[in-house]
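Grab the model and let's work through a couple of exercises on helix packing and a chain interface. Each task comes with a worked solution.

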Amino acid sequence: MTRWRLPVGAMLALLFLGFLVVLSVAARWIAPASPIQQNLDDMMLGPGPGHLLGTDDLGRDVLSRLIYGAPVSLYACSLAVGVATILGVPFGVLIGFVGGWADEVGSRLLDALLSFPAIVLAIGVTGALGIGTTNAMLAVGLVLAPVMARVVRAQTLVVRGSLFVEAAQGFGAGPLRVIVRHILPNAIQPVIVQITLALAMALLAEASLSFLGLGVQPPQPSWGNMLARAYGYMEIAPEQMYPPGLAILLTALSFNALGEWLRVVLDPTMRKRGKS
Amino acid sequence: MSQDAQGLGRRGVLAGAGALLSATAARAQAPAPQPRRGGTLRVCTYAAPSTLDPITGRNGTDHVFLYPAVETLIDFEPTSMLARPGLAKAWSFPDPKTFVLDLREGVLFHDSTPFDAAAVKINLERAAGDARSNVRTDFDSVRSVEVTGPSQVTLRLSRPDSALPLSLSDRAGMIISPKAIKELGVQTDRQPVGTGAMRVVTYTDNDRVVYVRNDKYWQPDQSYLDGMEIRTIADTATSLRSVMAGENDFAFELSPEQKPLLDRARNLTTVVTPSFRLHTVYLNYSRKPLNDQRVRQALNYAIDRNALNKAVGLGLNQATTTELPKEHWACDPTTVSGYTYDPAKAKALLAEAGYADGCDINFIGWTEQRWQKVQEILMEQMKPAGFRLHLSLGSPGDTATRFFGPGKEGDGRVAVWSGRPDPSQIYRQLFGKGSYYNAGSGETPGVEALLTASVGTTDVEARKAELSKLQHLVLEQGLMLPMMFEAEIVAFHKNVHGYQPNLLGKPKLHTMWMDA
Amino acid sequence: MHAGRLLAMRLLQVVPIIVVATFVVFGLLHLTPGDPAMMLAGDNPTPQHVAEIRHLYGLDRPFLDQYGLWLWHAAHGDLSQSLLTRAPVSSLILQRLPNTLLIVALALVLGLGFGIPLGIAAAVRNGSAVDQALTSAASLGVALPSFWLAMILVTVFALDLNWFPASGAASLLGAPLDALRHAALPAIALAGSTVAEVARQLRSALIEVLGTQYIRTLRAKGLSPTRILWKHGLKNVAVTLLTVTGLMVNRLLGATVVIEAVFAIPGTGSLISYSAINKDFPVVQGVVFVLVIGVILTNLLVDLVAAALDPRVSRA
């Protein structure tokens, strides 16, 4: 039971992520202004009482854009990781379970996909699918899928060789039943850890793609495209790059901290040790 | 002295862009220190050349790379855009369907072969007929090119065409060595062997073009630099940073948003002049909803050009509703503010056209930050008029292909029209029946007749009258959504002199010189 | 002997990986809407003009033909020409690769140079305040967006203090000092997360090794902690370190795409994003080909060195 005690880092991470979820759901009540309402008479104001974080190059309230950026970023990350999970997990289970030449070919395919620098593949996919949040995140999902598949495959290999699976097969359980009843439940823990870590990677990838103009499209605010805008005004208003940058940093940090904690908590070797 | 030019630049903007161009030009031409031989000028610009072969190039931004190395048969006055002698020292129309060019003698190409009538014939025929030529339409009126003397070429025309002289001050009149064309084949794209003051030594894609002085140049007293380097830096913020840090000497086509920064940079001279580059939305008016004149007019009433200019141009650009800048010889001043921002009127027009519940409209735009900003403002401005603007983005080349190509995607394309030296050329390319830039390719009643009339005479006043009618027709029909003419903003180090801006917005950089 | 067989086996595996990887990219690019021939035809293209260009550049052939032809030429060292500028793709890459390699190599040197000592320091004082501070810093480093760090570095060290250039690159052979000055900020921006990742991985591997029975026995025998660390601890984590290094090369080559955009560096990263946006297929294809080969060879090298260091690896 003591292992479930939250370390400070993980607790802060959970609090921060919870805060983001609240922001996302309640953005329109919390944000002081509209994120897209332009006011060309009040462009590039510094932080002040009217606009706590100042205004951007179209006179929009930076704080409100930051707040409305939260659901956009969370949606983007979830989409990418969802795609990665849906593609990666079945693929990993399949090649791990079937083994033999399927595993050989599948693993080579994973090797090939993993030998691309991730963003390069994402740019290529965005080129094919077209620019935009959903397409960019599908691309990121495709890039993350092989990582997920690899983790699941490794876990499947371990479970498949274990005594209870052999026993189940001995009692005449079909492959589907074995996968659903025995392999997936045992592979779920590393997958959960991987999902959390992948969320951080997806967030950084979203920011990079939006920075290159391929991701979230204006006027919708995202932390990545806010940074891209701020880049153009580095000399005039350097303070504009700090809020979105910090938001990305803290969110990625929280996902990572959560992942690390889950890794410790869910580690099967530790759990087995606990049971015996 | 150069500080003077900067002060003048700023005052000039306030006083009115018209006075400014000539004033800055005069100042720039008469610097106190004497021109000096030597030095390598390092220039940066956001664009990369599409090719360095004058006739296969595709972008209006190529000229700046071409001018130092390749000269045109006919030149233009930088401020008024009227024709003046170039490689041809004189020209005439002995009759409306015959055009005679008398060429300079003693001019050599970079490969030491002579520039003569035979070379011009080869070039013009290549521009008019080669499969890879992108300027074939400039020769629509030309039936044949004849060598009528060692230094004389005669063009036989199928119809009167007074746009021809200025067309020959553009790509179509750029002359390169026939020997090089033959030897290089498609690699001419990378090696322009012209007669210009500079010779291209290396061309590194998307990075830089390096030039050295042409010692055989026919106007040795007009050429001071030992060499030049034009670097491509896609982002203007980065390119200005490199000039401020002393990594480059000269940057042009800077964004107006950088003006406050330039005002603070004491080591730089800034010059702001009007240009031909029109920020506009090309429209496809061959189908719904834009095949209805009322919808096109509503669109023109739905954007606030002055607010746009203030937000993205800091008021330095020239808001407009027509296709020629105020300073141009053929511009009819009554067309420059034909539509003012009036969402209520736009809404009424839309309702009249059957779009009482608003109208969905699809534009194709650019991914670059500067343009994203323009597009965001348009979206916001058009809302109260009842337009729901949807955007789909890509690179300039990509969006052009999607919009003008066979796919005919979208109702409008947000872009820059870089202008052409002759106004009839501009209107024919933008609105002529079947022209590439007329995305719907349809014919607008009256346009063809006026186009023909505008080139039927060489008399400037008569041409102006016809072009004025054309401007009014395009305005009333709302065939385009012009927004503003971009200010040409350049910044350079105090040791750089002799900058000569031109209305075309494509400076000839090789005429500059530098202090030691 | 082992190494020789391993090398041969791995080299055989490399070929299908390259084929699959380039095929994926080739397929993606051909799914892309838009027609490069239209883009090349310029203003006022007639359908005939477009068809001529399509034929001239072989764009009218069937998809598999085009891919096969490309692969055949690539296998012979010819990566064909850029559609947009007619430049040979191999020379484009050769011009730009040094700039990218310089910042990636420099980032790797910085990453290992700082990451290794920090990882060791944290592992040796496992659980101490130093360890906790370093671990927190490393978590921060891993989550840091490199292009944001790059923007901060430019503002402070290029624009305010003017210590380093804000953009561009210089030739390492022509002007080595200038090249290093240009590469410094981009490399530091890239190295941020590398330092953190190396330190983290090294720390946990080292802690595991130092906790084994074998080391505990050595300690009981009275060997000095320093000696144990250098002679036994580090030798055992060398393989982890190598694996991390291989992974970092891949990650750095990806991150450099955005970093090159921030610093306007003419490298392979900016080349690939520009070419992808402009649909210059042969260039994208060529760069991917070279990068993938680079990554695979790095991994191969890592495996070989790991096998040499630890005979168990090659047996497994």
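**Exercise 1.** In this predicted model, work out how helix 11 of chain C passes helix 12 of chain C: is the crossing left-handed or right-handed?

*Solution.*
- Start with the handedness: helix 11 of chain C passes helix 12 of chain C in a left-handed crossing.
- Next, the geometry. Helix 11 of chain C covers residues 268-277 and helix 12 of chain C covers residues 281-309; they pack at an angle of about 145°, and their axes are 8 Å apart.
- Now see who touches whom, with heavy atoms within 4.5 Å as the cut-off. Helix 11 of chain C brings C:Thr268, C:Leu271, C:Ile272, C:Ser275 and C:Ala276, which meet C:Val283, C:Val284, C:Val287, C:Val288 and C:Leu291 of helix 12 of chain C.
- Sort that contact by class and you get 8 nonpolar residues, 2 polar ones and no charged ones.

**Exercise 2.** Describe the interface of chain A and chain C: how many residues does the contact take from each chain, and which residues form the salt bridge?

*Solution.*
- Count residues: 39 come from chain A and 40 from chain C.
- Get the area: about 3400 Å² is buried between the two chains, with carbon and sulfur atoms giving 81% of that.
- Look for salt bridges, taking N to O within 4 Å. The count is 1: A:Glu260 pairs with C:Arg200, and their closest N and O atoms are 3.6 Å apart.
- Add the polar contacts: 3 residue pairs across the interface.
- Finish with the chain A side that touches chain C. Helices 3, 4, 7, 8 and 9 of chain A each give two or more residues to this side, whose classes come to 29 nonpolar, 6 polar and 4 charged residues.

Technical notes. Residues numbered from 1 in each chain as written. Chains lettered and ligands numbered in written order. Predicted model: local features only at pLDDT ≥ 70, side-chain atom pairs only at ≥ 80, totals over all residues. Heavy atoms only, no water. Axes fitted to C-alpha atoms, helices over the stretch in contact; angles between N-to-C directions. Helix = DSSP H or I, 4+ residues; strand = E, 2+ residues; numbered from the N terminus. Left-handed = near helix turned anticlockwise from the far one by under 90°. Nonpolar A, V, L, I, M, F, W, Y, C, P; charged D, E, K, R; others polar. Buried area = accessible area lost by both parts, 1.4 Å probe. Salt bridge = Lys/Arg side-chain N within 4 Å of Asp/Glu carboxyl O. Polar contact = N/O pair within 3.5 Å; in protein donor to acceptor, adjacent residues only side chain to side chain.
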